Amino acid sequence: MKILLHSEHLDKIKKSGLGKSIQHQMRALEIAGIEFTTDSDDDFDLLHINTYFPKSMLFARKTREKGIPIVYHAHSTEEDFRDSFRFSNQIAPLFKQWITQCYKLGDIIITPTNYSKKILETYELETEVVAISNGIDMDRFNPIENAREKFQTQYGYEENDFVVMAIGLYLKRKGILDFVELAKRMPDIKFIWFGYTDLSLVPDEIEEAVETALPNLHFAGYVDNQDILLALQGSDLYIFPTHEETEGIPAIEACASKTDFIVRDIPVFDDWLIDGETTYKAKDINEFEQKIRAFKNKELPSLTEAAYQVAIDRNLPAIGEQLREVYEKAYELAKQRHK
C-alpha cells in the first residue's frame with residue numbers, strides 16, 4: 001500500500017506545529033517501512049491529508065470519488081482557531097463549518113489526543129475519529145555537551161541567571177500575554193520566547209506585548225530545531241502557558257529533553273501529563289508565578305525522569321504502527337463505501 005501524504009502550502013506551514021507533525025509522519029512511515037510519497041502526481045493507494053485549504057478539499061473530494069481511501073488528519077478545531085490571528089474569533093464559526101466539511105471526506109479521521117477527539121465527536125462528522133499522538137523522534141533528543149554554557153553564551157546570559165523559556169507563535173492562545181506579564185512581575189528572572197509570527201497578522205495587544213522593552217525579556221524569533229533543543233537543555237525552566245491545544249508538541253519535546261516544565265492546567269493535558277508526577281500545572285498567572293519562584297528557590301523536586309517516559313510512549317516507531325492500523329481500516333471502509 002502506497003500512501004500519499006498530502007499537505008498544501010507546506011513551505012508556509014513548515015515552521016508551525018502542523019509542519020512539525022507532518023515531518024513526524026514522514027519519519028514514522030519510514031521507520032515502519034510503509035511506502036509513501038508527497039507528490040500528488042504519483043500513483044497512490046491511500047490519501048493521508050493534513051491540510052484544509054480549498055485546493056486540499058477539492059483534491060480530497062476528487063480522490064473520494066475515485067474510491068480511494070482517505071485518512072483526514074484533524075489538526076485543528078474551532079476551539080484552537082480562536083485567539084490566534086486578527087478577526088479569528090469573528091470567523092471561528094465559519095471555520096468550524098469549513099473544517100467539518102473537509103473532515104467528512106475522510107473514511108477515518110485522526111486527531112492527536114482524546115481531548116480533541118471528544119471535541120470533534122460533537123461536530124456531527126458521522127465518521128470514526130481515532131486519537132494518535134503527533135509523536136516525537138527520540139533520536140533527535142540526545143544530550144548536548146555543556147548545553148547550559150553554550151545556551152548562556154549564545155543568548156548573553158550570566159552563569160547565575162535563572163532563565164525561563166517558552167515556545168510558540170505570537171498568538172494570544174499560546175499565552176504570550178501572560179508570559180510578558182510574568183516578566184514584568186519577576187524582574188530578577190530572565191524570560192526568553194522562541195517562535196515568530198508576522199506582527200501584521202496579529203491583534204494590536206499582541207504586537208504591543210512583543211514590542212515590550214524589558215531588560216529581562218527577549219524574543220528570539222524563529223530558530224531551527226537544534227537551537228530549540230539547546231534551549232530546552234540549557235535553560236532552567238520551560239513554561240507552556242497555552243490556553244488551547246489539540247496536543248502541544250513542545251510539551252512532548254520538554255519531556256524528551258528531560259526539561260522541568262510547567263503547563264497551564266487545561267483539559268488537553270488531563271490524561272497524559274499528571275500534576276506533580278510528570279510536570280507541574282498552573283491554573284492562572286498567579287500560579288505560574290508561584291511555581292516559577294518555587295523552582296528558582298529549589299522548593300519543587302525535578303520530575304524529568306518520569307516525564308521522559310511520556311515521550312518514550314510517543315516515539316515515532318509506535319506512531320508508525322498505529323498509522324498502519326488506521327490505513328488498513330480505512331482501506332476496508334473505502335471498499336465498502338465504493339461497492
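This passage describes the domains, the sheet and the domain interface of a predicted model.

The domain assignment splits the protein into two parts. Domain 1 is built from two stretches of the chain, 3-135 and 315-338, while domain 2 covers 138-313. Taken over C-alpha atoms, the centres of domain 1 and domain 2 lie 28 Å apart.

The UniProt record offers a second view of the chain. In this unreviewed entry, residues 43-140 carry the annotation "domain: Glycosyltransferase subfamily 4-like N-terminal". In the model, that stretch is 40% helix and 16% strand, with 32 Å between its end C-alpha atoms. The unreviewed entry also annotates residues 148-299 as "domain: Glycosyl transferase family". Here the chain is 36% helix and 17% strand, and 21 Å separate the end C-alpha atoms.

Turning to the strands, we come to an open sheet of six, arranged in the order 2-1-3-4-5-6 with parallel pairing. Its edges are strand 2 (36-37) and strand 6 (128-131), each of which pairs on one side only. In general, the strands of a sheet pair through backbone hydrogen bonds, in either a parallel or an antiparallel sense. Within this sheet, three bridges join strand 3 (residues 46-49) to strand 4 (residues 70-73) in the parallel sense. Leu47 sits opposite Ile70 of strand 4, which gives a handy place to begin when inspecting the pairing.

The interface between the two domains can be followed from residue counts down to single atoms. In all, 27 residues of domain 1 are in contact with 29 residues of domain 2. The size of an interface is often expressed as the accessible area lost when the parts come together. For domain 1 and domain 2, the buried area is about 2,300 Å², with 52% of it on carbon and sulfur atoms. On the domain 1 side, Arg86, Tyr115 and Asn315 provide 29% of the area buried against domain 2, more than any other three residues.

Polar interactions also cross this interface. There are 16 residue pairs in polar contact between domain 1 and domain 2, both residues being at pLDDT 80 or more. The count of salt bridges between the two domains is two. Arg86 forms a salt bridge with Asp204, and their closest N and O atoms are 3.3 Å apart. As for secondary structure, the elements giving two or more residues to the side of domain 1 that touches domain 2 are helix 2 (17-32), helix 4 (78-81) and helix 6 (114-120). Helix 2 makes the largest contribution to that side, with six residues.

Terms used: Residues numbered from 1 in each chain as written. Predicted model: local features only at pLDDT ≥ 70, side-chain atom pairs only at ≥ 80, totals over all residues. Heavy atoms only, no water. Pairing = 2+ DSSP bridges. Helix = DSSP H or I, 4+ residues; strand = E, 2+ residues; numbered from the N terminus. UniProt positions renumbered as here; feature names shortened; annotations may be inferred. Domains from an automatic or database assignment. Contact = heavy atoms within 4.5 Å. Buried area = accessible area lost by both parts, 1.4 Å probe. Salt bridge = Lys/Arg side-chain N within 4 Å of Asp/Glu carboxyl O. Polar contact = N/O pair within 3.5 Å; in protein donor to acceptor, adjacent residues only side chain to side chain.
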